[in-house]
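Q: I would like to go through this structure with you step by step. Could we begin with the overall picture and then turn to the details?

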Amino acid sequence: MSRAKCIMVQGTMSGAGKSLLCTALCRIFAQDGYRVAPFKSQNMALNSFVTRDGLEMGRAQVVQAQAAGMEPDVRMNPILLKPSSDVGSQVIVNGEVRGQMPAAAYFKLKKSLIPDILAAYDSLAEEVDIIVIEGAGSPAEINLKADDIVNMGLAKLVDAPVLLAGDIDRGGVFAQLYGTVELLEPAERARIKGLVINKFRGDAAILKPGLTMLEEKTHLPVLGVVPYLRVDIEDEDSLSSRLESSTAVKPLDAAILRLPHISNFTDFMPLEQHPLLSVRYVQSPRQLGAPDVVILPGTKNTIDDLLWLRQCGLEAAVQKLATSGTPVLGVCGGYQMLGETLADPEGTESGRSQTVRGLGLLPIQTVFTDAKHRTQDTATVTAPQLAGAVLTGYQIHTGRTAMQGVPFCRLADGSTEGCVKDNVAGTYLHGLFDTGELTEKLVQLLCSRKGISPASAPLLSMQEYRQQQFDLLADGVRRALDMNALYAAMGLERRSTV
């Protein structure tokens, strides 16, 4: 097979819609009969995924791979940064933890990672027809350009044509695009094959005078105005608008604690699809109120977030609800918090040696170590009232948890996992709601407690739902972009469309 062609999507800022545009292009090219892989050299996100071979990567490229019909592969995201503080991150290279580093130390290291980036890219390029590359932030961050490995620096390394996207929903899109282009070097500008205006609401005809002036000033064509598409695709990080939902509007109220270092909140997207479930994120006892179920999600810093719960009063509020019989579920870091003690003897999780008490709602004790547990798992829930639900998911956590109670589920290899005590349950399994079976069991339980009838319509599995949303996204972007120009920029002839 000849080396893959590529297209790179860069943005004028974080949140310009790069990830969704790349997801759409992966789907479109796959629909057009090409074998497609996503790629992002460096991703900073708390939402991560474990591949089939036990390696860790960012969820944005997982979603893009799913849109392309590809198995997620760590080569699609060779560097993952998981922020653990305002000035430091866990650095993961080729799916393995390289260490915890302050920003200054990582900046000194990152140029040495170029061989890892190119090895991953080149390997993918031998296996697919098209690689859709996602940039990060903005290529015009002039303080970072000298050591850039994710925007124009990467585009130069792999000789990628570039689309530059701006977000009109935030306002100032013409200044965004013009200013970004003007701050680039001539060779960098030459890589840009077109501009894209993203997230437009209204009649695109009113933009024509501005588009004409933008093309005149930048000497670049506008290849499309993408409308604000109301599709439900997993978001990359905690800036997600779904975390702003704080009001219950359906018969059943599911309250998720919005922890300061919340991670893998995409676990709960399937709950949002149920017609009876209202999913909201809360940060105070007042917001928490009296929900039908409380969920403690994953976190990148379990001990710090546990102390935050204690300080803001949410710990006491959750304990009171649990004592009154309200179902409480903890996932990963949330599971650890529900236990009796959390010990960090070497300071590997929290930065200093300490042992703290948990919420005391489950008979478990957790000890943090350097080792990270990463597996994909299939399990069957054994917890009373939820028993029988089949789960497919993955574990990604530090810490060994000793359990003296009843297990939450049984893994395919026969071992047990998680813990349940009365109305409180915890598990390390991410993706636990994706099959839809646990969602149905949970809704039945909540309905019986509230005296209402569960919905009779069967739920779509998350996999089926994602596929529908990918097609909606691809249709909207395909209609908005000049696909002939896009294919020409890659040096490919456009195949007949779906």
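Q: How many helices and strands does the chain have?
A: This is a predicted model. The chain has 16 helices and 26 strands.

Q: And what is the radius of gyration of the chain?
A: The value is 23 Å, close to the 23 Å from the globule rule for 498 residues, so the chain is as compact as a globular protein of that length. The C-alpha trace spans about 65 × 50 × 45 Å along its principal axes.

Q: What percentage of the residues is buried?
A: Buried residues account for 57% of the 498 in the chain. The exposed surface of the chain is about 19900 Å², and 51% of that comes from carbon and sulfur atoms.

Q: Which share of the contacts joins residues 24 or more positions apart?
A: Such pairs make up 73% of the contacts with a separation of 6 or more.

Q: Turning to sheets, what is the strand order in the one with parallel pairing?
A: That open sheet of 6 strands follows the order β2-β9-β1-β10-β11-β12. Its edge strands are β2 (36-39) and β12 (222-227), each of which pairs on one side only. From one strand to the next, the twist averages 20 degrees.

Q: How many bridges link β11 and β12?
A: There are 4 bridges between β12 and strand β11 (residues 192-200), and the two pair in the parallel sense. Phe 200 has Pro 227 in β12 as its bridge partner.

Q: Which strands does helix α2 lie across?
A: Helix α2 (residues 59-68) lies across β2 and β9, and runs at about 170 degrees to β2.

Q: What about the sheet with mixed pairing; which order do its strands take?
A: The order is β15-β13-β16-β18-β26-β25, in an open sheet of 6 strands. At its edges are β15 (277-282) and β25 (419-421), each pairing on one side only. Here the twist averages 15 degrees from one strand to the next.

Q: How do β13 and β15 run, parallel or antiparallel?
A: They run parallel, and 6 bridges join β15 to strand β13 (residues 252-257). Leu 252 has Leu 277 in β15 as its bridge partner.

Q: Which helix lies across β13, β15 and β16?
A: That is helix α14 (residues 437-450), which runs at about 120 degrees to β13.

Q: Now to β19: which residue of β20 is the bridge partner of Thr 341?
A: The partner in β20 is Arg 357. Strands β19 (residues 341-344) and β20 (residues 354-357) run antiparallel and are joined by 4 bridges. β19 also pairs with strand β21 (residues 364-381), in the parallel sense over 3 bridges. In β21, Gln 365 stands opposite Thr 341.

Q: Which residues of helix α16 are buried?
A: In α16 (residues 483-490), the buried residues are Met 483, Leu 486, Tyr 487 and Met 490. They cover an arc of only 95 degrees around the axis, which puts them on the same side of α16.

Q: What do those buried residues pack against?
A: The buried residues of α16 pack against β1 (5-11), α1 (18-31), β9 (130-134), β10 (162-167) and α15 (462-480).

Q: One last residue: is Thr 180 buried or exposed?
A: Thr 180 is buried, because its relative accessible area of 5% is under the 20% cut-off. Thr 180 is found in helix α6 (residues 173-182).

Q: Which residues does Thr 180 touch?
A: Leaving aside residues up to four places away in sequence, Thr 180 touches Thr 12, Ser 138, Pro 139, Ala 140, Leu 164 and Ala 175.

Notes:
Residues numbered from 1 in each chain as written. Predicted model: local features only at pLDDT ≥ 70, side-chain atom pairs only at ≥ 80, totals over all residues. Heavy atoms only, no water. Pairing = 2+ DSSP bridges. Axes fitted to C-alpha atoms, helices over the stretch in contact; angles between N-to-C directions. Contact = heavy atoms within 4.5 Å. Rg over C-alpha atoms; globule rule 2.2 N^0.38 Å. Buried < 20%, exposed > 50% of the residue type's maximum accessible area, 1.4 Å probe, protein only. Areas by Shrake-Rupley, 256 points an atom, 1.4 Å probe, with all protein chains shown as cover. Arc of directions from axis to C-beta.
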